[in-house]
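Dear colleague,

Please find below the structure I was asked to pass on to you. My findings follow directly after it.

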Amino acid sequence: MAKSGGGMRILQGLLVFGNVIIGMCGIALTAECIFFVSDPHGLYPLLEATENDDIYAAAWIGIFVGFALFALSILGIVAVIKCNRTLLLVYIILMLITYAFEMASCITAATHRDFLTPNLFLKQMLERYQKVDTENNNDKWMAEGVTKTWNNLMLQKQCCGVRGPSDWQEYTSAFRKTHNDADYPWPRNCCVMNDQGSPINLDGCKLGVPGYYNSNGCYDAISGPMNTHAWGVAWFGFAILCWTFFVLLGTMFYWSRVEY
Amino acid sequence: THTMLSLLLLLLATAHGLDAIPTLGKPVLASSTLGGQTTASTFVLEQPRCVFTELQDDIVIWLVVALPEAVANFSNTVKPGSPRRAFQKFPQSTLAYMTLNTTLLNYPCDKTSRDITVLRVGSETTCAKDELRPTCNGPLPGPGPYQVKFLALNGSKPVAQTNWSDPITLRKAQPSSSIPMRGSKHSSSMIALTTILSILFAILLAGLVAMLLWGSGTSGVSSTFSKPEAVTVRRYNTHHVYDQPAARL
């Protein structure tokens with residue numbers, strides 16, 4: 001039983017309100033992270049091939065943290081209303097653990113976002129797109145993923161290369177080993193296609209006539225979704241953690257005021 | 001321009017004696033709006049339209065591609081397709097080759113046309129190694145530089161030519177391993193996020209410790225009443241549940 005002073009009632013009300021918000025945000029976080037993990041833009045193979053898919057790990061942690069926040073917020077509401085010291089202590093300890101996990105997720109997402117530079121994707125594209133002389137199964141799997149992803153990307157977003165078609169001219173590539181420069185100055189999917197999936201003018205495409213080939217780079221189409229993903233996980237998680245910080249401080253203060 | 005032309009002809013005639021054919025214009029690369037203006041093994045020239053205006057339509061125009069060192073002593077009388085002008089022998093045993101032959105009919109002078117009129121040098125890959133096709137328009141073997149000119153032949157007699165173009169250098173691909181991969185540069189937002197979260201977490205942990213050490217009720221019990229003690233106190237509580245509030249007040 002707590003003191004029935006007005007101050008404690010207000011604190012109770014605030015804590016319940018705080019926990020309600022945490023519960024709703026937890027569900028929102030889970031939903032957002034499920035959305036990111038489902039890879040709606042089909043860019044996951046590119047991350048897989050960098051052998052560092054931390055933003056996906058961060059999103060996975062986010063799914064479980066969101067659910068944990070929801071469950072703990074219910075526990076918190078029950079504990080505050082019942083003024084039960086044990087329950088409140090359990091709530092605080094579990095919340096701190098969840099807090100630590102969510103912190104890890106936010107920091108991982110933010111750090112990994114800085115790793116995804118244009119040069120990273122350029123090098124990966126040049127080394128893995130249409131690579132045939134793969135060394136082992138893993139290498140083959142990554143090359144196939146990268147090839148398929150780039151083919152889709154160039155077709156759907158009407159772009160070519162990371163900065164532009166000149167990427168294929170400026171650097172050597174695995175693609176160049178199997179496709180000679182005169183027949184394929186750049187990959188076939190850089191050509192503007194008709195509805196049947198063939199270039200509208202193959203000679204125009206090879207010449208580089210504007211309108212018959214995609215002259216802009218794909219980096220925007222890659223970094224846009226990845227930025228949204230990383231910042232969505234990192235900053236939304238940060239906002240939740242800031243709010244949770246105040247609720248937890250309030251709960252700790254409340255715990256110290258609750259009678260036995 | 002007519003007087004300049006005749007002066008030029010006179011000069012050429014005196015300089016070269018027998019080989020006095022008109023030299024008109026100069027081949028240029030196509031506009032740089034074309035993405036494939038120069039690649040690693042091809043380049044694109046403007047067609048020689050409105051250049052050979054005085055000749056008949058059945059004259060054959062050839063493109064001569066040569067290394068710069070062959071330009072000084074280039075002979076127009078060597079037949080195209082002969083071993084000295086075969087693409088397959090370029091550049092090992094010959095310094096120039098001739099290709100892209102077509103009649104003047106295919107280069108009509110139409111100033112109103114807005115079509116793209118270009119020639120892609122190096123586009124035929126199928127005949128590049130075929131010795132039976134010495135006039136193949138095969139891919140250039142290296143980044144050059146190369147110089148080109150157009151030569152008009154009537155049968156096997158040269159009747160007109162253009163000047164040699166400026167040296168054309170093709171693109172040279174760098175190895176992809178040379179792309180710099182800087183270690184991840186930490187953005188300011190990531191540093192801010194990490195710092196703030198760490199501080200908040202530290203405050204929470206400090207709060208937890210403070211709470212456990214000093215927050216055990218307000219009845220002034222010392223810190224020796226830690227959590228296990230609290231359980232026994234609670235049991236004690238149930239016997240004195242009505243007394244405690246009274247005692248507090």
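Over all chains, the count of salt bridges comes to 7 in this predicted model. Three of them are described here, followed by the packing of two helices.

In one of these salt bridges, the side chains of Arg128(A) and Asp139(A) meet, with 3.0 Å from N to O. Arg128(A) belongs to helix 5 (residues 118–128) of chain A and Asp139(A) to helix 6 (residues 137–156) of chain A, so this pair ties together parts that lie 11 residues apart in sequence. Both Arg128(A) and Asp139(A) are buried; for Asp139(A) the relative accessible area is 6%.

Asp139(A) also forms a salt bridge with Lys131(A), where the closest N and O atoms are 3.2 Å apart. Lys131(A) has a relative accessible area of 21% and is therefore partly exposed, since buried means under 20%.

Helix 6 of chain A also holds both Lys140(A) and Glu144(A), which are 4 residues apart, about one turn of the helix. Their side chains meet in a salt bridge of 3.4 Å, N to O. Lys140(A) is partly exposed at 42% relative accessibility, and Glu144(A) is partly exposed at 43%. As for shared partners, salt bridges join Arg128(A), Lys131(A) and Asp139(A) into one network.

Turning to helix packing, helix 1 (residues 6–37) and helix 3 (residues 54–82) of chain A pack at about 160 degrees, with their axes 7 Å apart. Angles over 145 degrees count as roughly antiparallel, and therefore these two helices are roughly antiparallel to each other. The residues of their contact divide into 21 nonpolar, 9 polar and no charged. Helix 1 of chain A passes helix 3 of chain A in a left-handed crossing.

With kind regards

Terms used
Residues are numbered from 1 along each chain as its sequence is written. Chains are lettered from A and ligands numbered from 1 in the order in which they are written. This is a predicted model: local features need pLDDT of at least 70, side-chain atom pairs count only at pLDDT 80 or more; totals for chains, interfaces and linings use all residues. Side-chain values use heavy atoms; hydrogens and water are left out. Axes are lines fitted to C-alpha atoms, for helices over the stretch in contact, and angles run from 0 to 180 degrees between N-to-C directions. Angles under 35 degrees count as roughly parallel, over 145 as roughly antiparallel, 65 to 115 as roughly perpendicular and the rest as oblique. A crossing is left-handed if the near helix is turned anticlockwise from the far one by less than a right angle, and right-handed if clockwise. Ala, Val, Leu, Ile, Met, Phe, Trp, Tyr, Cys and Pro count as nonpolar, Asp, Glu, Lys and Arg as charged, and the others, Gly among them, as polar. A salt bridge is a side-chain nitrogen of Lys or Arg within 4 Å of a carboxyl oxygen of Asp or Glu. Buried means under 20% relative accessible area, exposed over 50%, partly exposed in between (1.4 Å probe, protein chains only).
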